[in-house]
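Colleague: I would like to go through this structure and hear the reason behind each label. Please show it before we begin.

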2 protein chains.
Amino acid sequence: MHYDYLFFVAIILMSTKVLGLATKRINLPQVVGALMAGLILGPACLGLVEKTEFISSLSEIGVIVLMFSAGLETDIGELKKCGKASFIIAVIGVIVPLLGGFAVSALFNTGENTLTTSKFLQNIFIGIILTATSVSITVETLKELGKLSTRAGNAILGAALIDDILGIVALTVVTSLANPEVEIATVLLKILGFFVFAALFGVLFHILFVRWTDRTTEKLHRYNVMSFAFCLLFAYIAEAFFGVADITGAFLAGILISTSTKNKYISSRIETLSYMLLSPVFFASIGLNVTLPKMGASIVAFAGLLLVVAVLTKIIGCGLGAKICGYSTKESLQVGIGMVSRGEVALIVANKGAAVGLMSANFFGPIVIMVVITTIITPILLKIVFAEKESSELPVAKEA
Amino acid sequence: MHYDYLFFVAIILMSTKVLGLATKRINLPQVVGALMAGLILGPACLGLVEKTEFISSLSEIGVIVLMFSAGLETDIGELKKCGKASFIIAVIGVIVPLLGGFAVSALFNTGENTLTTSKFLQNIFIGIILTATSVSITVETLKELGKLSTRAGNAILGAALIDDILGIVALTVVTSLANPEVEIATVLLKILGFFVFAALFGVLFHILFVRWTDRTTEKLHRYNVMSFAFCLLFAYIAEAFFGVADITGAFLAGILISTSTKNKYISSRIETLSYMLLSPVFFASIGLNVTLPKMGASIVAFAGLLLVVAVLTKIIGCGLGAKICGYSTKESLQVGIGMVSRGEVALIVANKGAAVGLMSANFFGPIVIMVVITTIITPILLKIVFAEKESSELPVAKEA
């Protein structure tokens, strides 16, 4: 019906809140409940909510706002400090899952499919799917726990940013090998172009914005509206002109605004916009993607192994990277676990691969299962590894 | 392109804010600037923003939130006090434009068109288009001026609510005469059903909600999220099950929540959600509908006369109603002018009429012009008639 979207949003808001409070009561992060709400409302269970274009677009703005908000709360000095570490974490955290995914696929891919690409490329592609980290769930969980600005939190943010870039590059290399129309050089040039653009336009904006907001000590609506509009515009430009993820653009937009004197005020209003409408729709929409596939025994085994490998390779890869860079064992574990969630990124990559004949369609089921479970266990595991024995610092946990 | 909606929202937010601040600077309400932003961005001018399904749905949620917010700020006692007056204002405010529209149409409608309905019904239909009041622009303007809870403000809110119901009834009667498939009795029964439903379900919700929010003095996110979800659900039910406008449902939802002790807190967060994203999209979307039609001399004359009659009949009809009920001349003028704006309601009615053969397509141009101009002049005229010589009360004007 024409007015269905009102019902969809209403039921998403209610169920994510109710289930979020339920998971909170049993000492799990609220985001776990919100993710489960989507599973329950979607085609895998009740089938009450459809993922229409409206819900998809709104949820995309939701994840953009989440990353914008993370950018606003980021301490740039701290991020710079762990820049080198983030890079090493991201690189090892991409290589280990890539090899792991390749190995699992090599075990199960008999090559008896209708794909025209080589078996080697197909196996590499499963590896690439495993490299894609989706940091939004981790960000939300760390905010909820009041741990986003810890050393580990900053390392995760930085590494996720670099992971995104490495992921695009890896995906481009493989798809260009499968499809001669994709030019690696063009893609690399565009990524480089984005950072040049961000440096020039972003810094110019930053100067003008700080000057504008510093003219008065008043808290004016216009600062919030303009910041949000800038975030959307930056996200759009990243995605549409440079092929870089919109959330990377949004995160950078947040960092650019974070040093304004009005940062606290802007941040709190963006937070309201997020929890009142956008982020619940985003969390629910992840579950709305899930349809339970019919799978034979061999595919079930593949799914199980893929999941285990997905979890372990990120923990080991990123954890190792952190350890090498001098993080404590506990922090390294925190970083590794923070990178486990695959979220929507892996699904987008899988879709692109299937479109160019790199993946057979019956691998979709296992990948969906891997995405859903890594996404749901990440906040649970994070809560465990970020638990403190002594309450030496006061965590500013989120109200609900 | 796939990510266009990000650009659309960004450019809408920026331009509505910039033009809103510009109109504020020349002492006009900001909403005038926001409306003009839509005209400039849309097909009538630059053609930068398309009214996609996403933008339409988001703008519908925008007007819902606007009316919800008006409901939250309504003083029920005051609304009840002016209930009888509102009814009289609405009734006379429907009859006078109906006759005016009929007369204008009778002057210009030669009957030389391909419609199968009688000329009399066609002329009545133009009258019905003129009855439709769109109160959202008035609400926003009065909030901006800090005048929503004046005696005139309450009378306008009540009258608009009743006007909506009368409008549905009138539209139904005429379409049922044109199209035998529409049953008047069913429509009336459904409207009645909605008020029974609102009384039973609404009051039950009200009791549970007040009990729930009174359990603690803490300000918790959940109250805001649940209120907003309830508003959307109530709006959806009104429209989808009872054929009553979604904004009527939203306004009632606001009234039901307004007596909660958390009302101020909820209201402020709904306000943030509104100004950060939803209401700018709504204001801009009105202008996005406008395409400048090619019109001959006779149609231009019709457009001009229709506009004048649209403005005068509402001011006279509603003003007369208010005057009869003992409002001062100044207040009566305020009420009359508050009902002038036709907004999107008239366009929806016109679309429905054209679909059942009650209106010839070349009348769309004049109606669009009438809608746009009544919508833009309403806040300007309101600002004039609500201006005070002595500042006896302190208006709580909105920040921007």
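**Reasons behind the labels**

Modeller: Over all chains, the structure holds eight salt bridges. Note that this is a predicted model.

Colleague: What makes Lys143(A) and Glu271(A) a salt bridge?

Modeller: The closest N and O atoms of Lys143(A) and Glu271(A) are 3.3 Å apart. The cut-off is 4 Å between a side-chain nitrogen of Lys or Arg and a carboxyl oxygen of Asp or Glu, so the pair qualifies. Lys143(A) lies in helix α7 of chain A and Glu271(A) in helix α12 of chain A, so the pair ties together parts that are 128 residues apart in sequence.

Colleague: Is Lys143(A) buried or exposed, and how do you know?

Modeller: Its relative accessibility is 7%. Buried means under 20%, so Lys143(A) counts as buried. Glu271(A) has a relative accessible area of 16%, so by that cut-off Glu271(A) is buried too.

Colleague: What makes Asp163(B) and Lys314(B) a salt bridge?

Modeller: The side chains of Asp163(B) and Lys314(B) meet at 3.0 Å, N to O. That distance is within 4 Å, so the term applies. Asp163(B) is in helix α8 of chain B and Lys314(B) in helix α13 of chain B, so this salt bridge ties together parts 151 residues apart in sequence. Asp163(B) is buried, with a relative accessible area of 2%, and Lys314(B) is buried at 0%.

Colleague: Which residues are joined into one network by salt bridges that share partners?

Modeller: Glu73(A), Lys143(A) and Glu271(A).

Colleague: Why is Arg151(B) called partly exposed?

Modeller: Arg151(B) has 39% relative accessibility. Partly exposed covers the range between under 20% and over 50%, so Arg151(B) belongs there. Its salt-bridge partner is Glu331(B), with the closest N and O atoms 3.2 Å apart. Glu331(B) is in helix α14 of chain B and Arg151(B) in helix α8 of chain B, 180 residues apart. At 19% relative accessibility, Glu331(B) counts as buried, because the cut-off is under 20%.

Colleague: Why is Asn27(A) called exposed?

Modeller: Asn27(A) has a relative accessible area of 53%, and exposed means over 50%, so the label fits. Asn27(A) is found in the loop between α1 and α2 of chain A. Its phi is near 65 degrees, a positive value in a residue other than glycine. Most residues other than glycine have a negative phi. In chain B, Asn27(B) has a positive phi of about 65 degrees and counts as exposed at 54%.

Colleague: How do you know that chain A is as compact as a globular protein of its length?

Modeller: The radius of gyration of chain A is 21 Å, and the globule rule gives 21 Å for 400 residues, so chain A is as compact as a globular protein of that length. Chain A has 16 helices and zero strands. Buried residues make up 60% of the 400 residues.

Colleague: How many residues of chain B are in contact with chain A?

Modeller: In chain B, 48 residues are in contact with 48 residues of chain A. The two chains bury about 4800 Å² between them, 78% of it on carbon and sulfur atoms. In chain B, His221(B), Tyr236(B) and Met276(B) lose the most area to chain A, together 14% of what that side buries.

Colleague: How many salt bridges are there between chain B and chain A?

Modeller: Zero. The count of residue pairs in polar contact between chain B and chain A is two.

Definitions and conventions. Residues are numbered from 1 along each chain as its sequence is written. Chains are lettered from A and ligands numbered from 1 in the order in which they are written. This is a predicted model: local features need pLDDT of at least 70, side-chain atom pairs count only at pLDDT 80 or more; totals for chains, interfaces and linings use all residues. Side-chain values use heavy atoms; hydrogens and water are left out. Contact means heavy atoms within 4.5 Å. Buried area is the accessible area (1.4 Å probe) that two parts lose on being put together, summed over both. A polar contact is a pair of N or O atoms within 3.5 Å; within protein, one must be able to donate a hydrogen and the other to accept it, and residues adjacent in sequence count only if both atoms are side-chain atoms. Helices (H or I, at least four residues) and strands (E, at least two) are DSSP runs, numbered from the N terminus. The radius of gyration is taken over C-alpha atoms; the globule rule is 2.2 Å times the number of residues to the power 0.38. Buried means under 20% relative accessible area, exposed over 50%, partly exposed in between (1.4 Å probe, protein chains only).
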